[in-house]
Amino acid sequence: MRTTRLNMLKLLLLLTFTEICAAQNDITLSVFTVTSKSMTVQWSGYTGASSYKITATPKNTPEQPVFAHFSGNVVMGSVNSLSPNTMYIMQLEAMDNALNVLSSADTEDTTAPEVPSIEQAYSKNSDSITVEFTEVSGATSYILWAQSQTGDYFSEMVVSSSPGTVVKLKPFTDYRLSVMSVNSGGRSQPSYPIEARTVVMAPKLNTTSPNNASIVVTWPPVENAVLYMLCIIQEGSSSRVKLNTTDTMVNFNGLAAGTTYCIKGTALDSESRAGDDLTVCQITRPTSPDVTLVQVSTGRSLGVAVYWMSVQGAENYLAWTTNGQNCTSTVDSYCYIIPVECGQNHSVSVTAYNIAGPSSPSQPADYITYPCPPENIWVEEPEAGNCSVVWDSVPLVEYYIAFIKRDDGTETSCNTTETTCQFSCMCGYTYLTTVFPYNKAGSSPYADVRNYTTIPCCPQGLTIQLVSTETLEIMWSPVKGAELYQTTAAQTNNVIHCNDTAPVCALSDLTCNTAYSVTVTPCSELRGCNHTCTPHTQETAPCAPEILNMTQTNNSTFRIQITTPNTPNTNYTIKAIGRYATHTCQTTNSSCELTQLPCGSSYEVMAIAITTVGRSLPGFSKTLETGPCCPIYVNVTQVTQAMTNVTWSPGSGARSYLTSLTSPRGHAKCHTLDNHCLMGCITCGTNYSVHLEAISSTGHKSECKYHGFSSGACCPTSVKLYRMPNHSLRVSWRSLGPQTHNHTVELYGTGANYTCNVPAGSKFCDIQERTCGDIYKVVAAPVGQDGIKVSFCQPRRYSIPCPGSNAGMLISRGRRSVD
C-alpha cells in the first residue's frame, strides 16, 4: 500500500511536469518502473497527438512484442504480460486521429526477476528473524520486508542471497515477512507473506564471587520467559554443568579459587523456544596468601618489606598493618611499607585481589621496627677529665651503643644496657656524642648528635717579655677550644687586663720597678673561662733616675749626683754622650765620677737604672760642657824692638782667647777671636812669661801656660859712619844695657856690599873701602846667642865723600825704635 501511494505521487509530479513542457515539439520517453511482468514508462506530451502506442520488443529472445495504446492526454502507461528478467526495447509513437505517427522515441530496460517464495522464517535472536527463500534467476539481490502485526513498525533490508536476516526487531513480537528479487531493471513483486515471532531476550546475567569457592549469578526477570537455562564452564577445561531454573538467582559452589568460569544463560518462552544466550565470565576470588617474611629495611626512610607466597588468580596484593599503613604490588610477591615509625610493635596481613574482590586476609605476622633514638642526650662532667654520656631510656631496646668522637678524629664507643657511658675527656676539645639503640630489627637508622665542649686548657709555653719599662708582652701557645684569652697583671689592688683572640697580649701603663702577678685565662663561649691557670710573677723595668747636680772636680773629672728611686740592688749607669765619644761611670749609690773627659767637648749626661729584669728609660738629660782646649802651640814673633806678633793653634771649644806677656819690666795683653794677636810695649832684651786663656761660647775658661819669651837685644843707637885716615870706613854706635851681644854691621853700596862682625863689648867696626864717594845703607844689629842677628834694627843711609872729608853725611834713617 505504501508503494502504491508513492507511485501515485510520482505520477502526479510527472503530469505536472508534462503540462509545463507541453509546448515542446520533441517527444521523450523514459522507464518509470518495472516488475517481473510489466514495465511502466513515461513520456512528454506531443502537440496534436490524439493517441500513443507503446511497443515492448524483447531484445535478445524471439518472443513476440507486446503492445499497449493510450489516449492523447496520457503521459504514462504500463505494458504487461512481459517475461521476467528480460531486456525490452520500449518504443513510443505519437499518432493523430488518422493513426499517423507524428513523433516517436524509444528506450530499453530489463524487467525485474521472478517473485521468490519464502520457504521458512524463524528467530534465534530476540532482535532478528532469519528468512529462507528460493533464489531466482537474474536476481542480483533481494529485499526483505518485515512489518509488525500492529502496523507500527516496517523494515526493508537488502540481502545478497538466502537466507537473510531482518534485524533491529523487538523481542517476542509477531511480524509479517515478504521477499522481493532485484536486478538492474528493478525489483519484483513481494512474495506471499509469512508470519514469524522473535524469541525472548537473553537474561542479563550479573555475577559476583562472594568467596574463593563460589560464584553467585543473578539477573532481572525476562519478559515472556517461563524458564531459564544456565551452563557454567571452567576456563581451560571441557567439563561443564547445566542448570534449569525458574528463579532469577543461582549460586555455584565448590569452585576453584582464583579461577575464571564462563556462564551462559538462555531464557525459554512458553513454547519452549530458546531465546538469546548471553555468556559472562567471572573469576573466583583468590585464596589467602601466606606471609613468608617481614623485614625492616634500612635506608634514609625506615620501611618494612613484606614477602608472601603468590596465589592463583590474584591480580594484585595489599599488605596492611594493624596501625593502618599499607602497600600494594601487582607483579612481585613483596612490597614495602614506607615510611614507618621507629619503635613500633605491630603485625601485618596480606590480602590478594582480583576483579572478583579480595581474598581472606592472611594470618597476621608480627614485627617490630628499629628502636627510636633517645630524645635527650647530654654529657655530665662531675670532675675535670671524667665525663659521662647520659640519655633517656627508649622502649623496645635490647642494648645501646654510644659513640664519642673527639674533634681531632679520635673516636671511642661503649656497648651497654644502661643509659649512661663513661669516657675520658680532655680539656679544650669538643666531643660529638650519639647513641644508637638496638633490637632484633637492628639499630636506629639515625641518631641525634650532641656537642659537648670541655673547658679550655691553660696555655703552655708562656713567655713574658719586657718590651718597654712599663709594658709586658705575654706570648703563649694557642690553646685548643679557646676563643678568647683574658690576660691580667695584678699588683696589690691594681689590676690591668686585656682581652684578645690572639695568643699574645701587651700589658702597658704598668708601674716601673714593680712585681706583677700575670695570669692568662682561656675562655670559650660554650664553657666560659678556665680560672685554674697558674699565675706568673714578673717585675717591670726599674724607674729612671734623675740627675741632681754635676760638679767639676778637675779639668777632666766631674762628679754626678743622681736620685735612686729603685731597690737597693739596682745598678746605675751614667753616660756622657758627646759628638765623638761616650764616657760612662757606674754606681749603686747616688753619685759617681766621669773621668778623662776631653777639653772642649759638650756632652748630654743621663742616668739609666739596670736590674736583672731590664733597663730603665734614660732619665732626663743635662748638658755638661768641659773647658775649651788650650792651643797646642803659641808662637811669639818680635816684629819690632817694641812690638811682637803672637800666634797660636786653634783650641777645641774655644771661641775667644786672652793672651798676655808678663815681665818684671811690664806686661802686654790681647783679647781676640782670632788665632793671632799683635802686641806692643815690649821691652827689648827682656824675658817674658807667656799666658793664654781659652774661653768657650758659654764662658768656660781654660788656663794655658807656655814656655817664656825673651825679647830681642836692643838695637844700637847713635849709629855713625865716617872715613878713617887709612881710607877705611868706621861705623860706631852706642849700646843700651850691658854689652853682652855680638854685633854685625852691614853696608850696602852701589859699588860693593860690606859686612863686619864685632864681638861683645865693641862699639865700632872698621871696613876697608874700595871705592870712594858712594852712598851706603848701614844696618848695625846685635846677634843673639843662637847666632841670628836681630832683624828689626832699622837701616841708615849715608853719603861718604872721597878723601878730604872726615865725616859722612846722614841722608836718612829708618823708623825710629825705642831707645
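## A walk through the model, from patch to strand

Start at the surface: select Y334, Y336 and I338, which together make a nonpolar surface patch of about 290 Å². Keep in mind as you click around that this is a predicted model.

Stay on I338 for a moment. This residue sits in the loop between β26 (334-337) and β27 (345-354). Is I338 buried or exposed? Its relative accessible area is 51%, and the cut-off for exposed is over 50%, so I338 counts as exposed.

Now step along to P339, in the loop between β26 and β27. Show the backbone here: the peptide bond from I338 to P339 is cis, with omega near -10°. That deserves a look, as most peptide bonds are trans.

There's another cis bond to visit. Select S162 and P163; the peptide bond from S162 to P163 has omega near -5°. Where is P163? You'll find P163 in the loop between β11 and β12 (164-166).

From there, go back into β11 (residues 154-159) and pick S155. S155 has 9% relative accessibility, and anything under 20% is called buried, so this serine is buried. Which residues does S155 touch, leaving aside those up to four places away in sequence? Light up L144, W145, A146 and V166 to see them.

Next, zoom out to the sheet that β11 belongs to. This is an open sheet of 4 strands, ordered β11-β10-β13-β14, and the pairing is antiparallel. Its edge strands are β11 and β14 (194-197), each of which pairs on one side only. Turn the view to follow the twist, which averages 30° from one strand to the next.

Over at the β14 edge, colour β13 (residues 174-182) and β14: these two run antiparallel and are joined by 4 bridges. For a pair to click on, try R176, whose bridge partner in β14 is E195.

Two backbone oddities round off the tour. Most residues other than glycine have a negative phi. Select S272, though, and you get a positive phi of about 65°. S272 is in the loop between β20 (260-268) and β21 (274-283). With 56% relative accessibility, S272 counts as exposed.

Last stop: N513, in the loop between β42 (504-507) and β43 (515-524). What is its phi? N513 has a positive phi of about 55°, although it is not a glycine.

Technical notes
Residues numbered from 1 in each chain as written. Predicted model: local features only at pLDDT ≥ 70, side-chain atom pairs only at ≥ 80, totals over all residues. Heavy atoms only, no water. Buried < 20%, exposed > 50% of the residue type's maximum accessible area, 1.4 Å probe, protein only. Contact = heavy atoms within 4.5 Å. Pairing = 2+ DSSP bridges. Axes fitted to C-alpha atoms, helices over the stretch in contact; angles between N-to-C directions. Patch = residues over 30% accessible without salt bridge, like charges linked within 9 Å, V, L, I, M, F, W, Y side chains within 5 Å. Areas by Shrake-Rupley, 256 points an atom, 1.4 Å probe, with all protein chains shown as cover. Salt bridge = Lys/Arg side-chain N within 4 Å of Asp/Glu carboxyl O.
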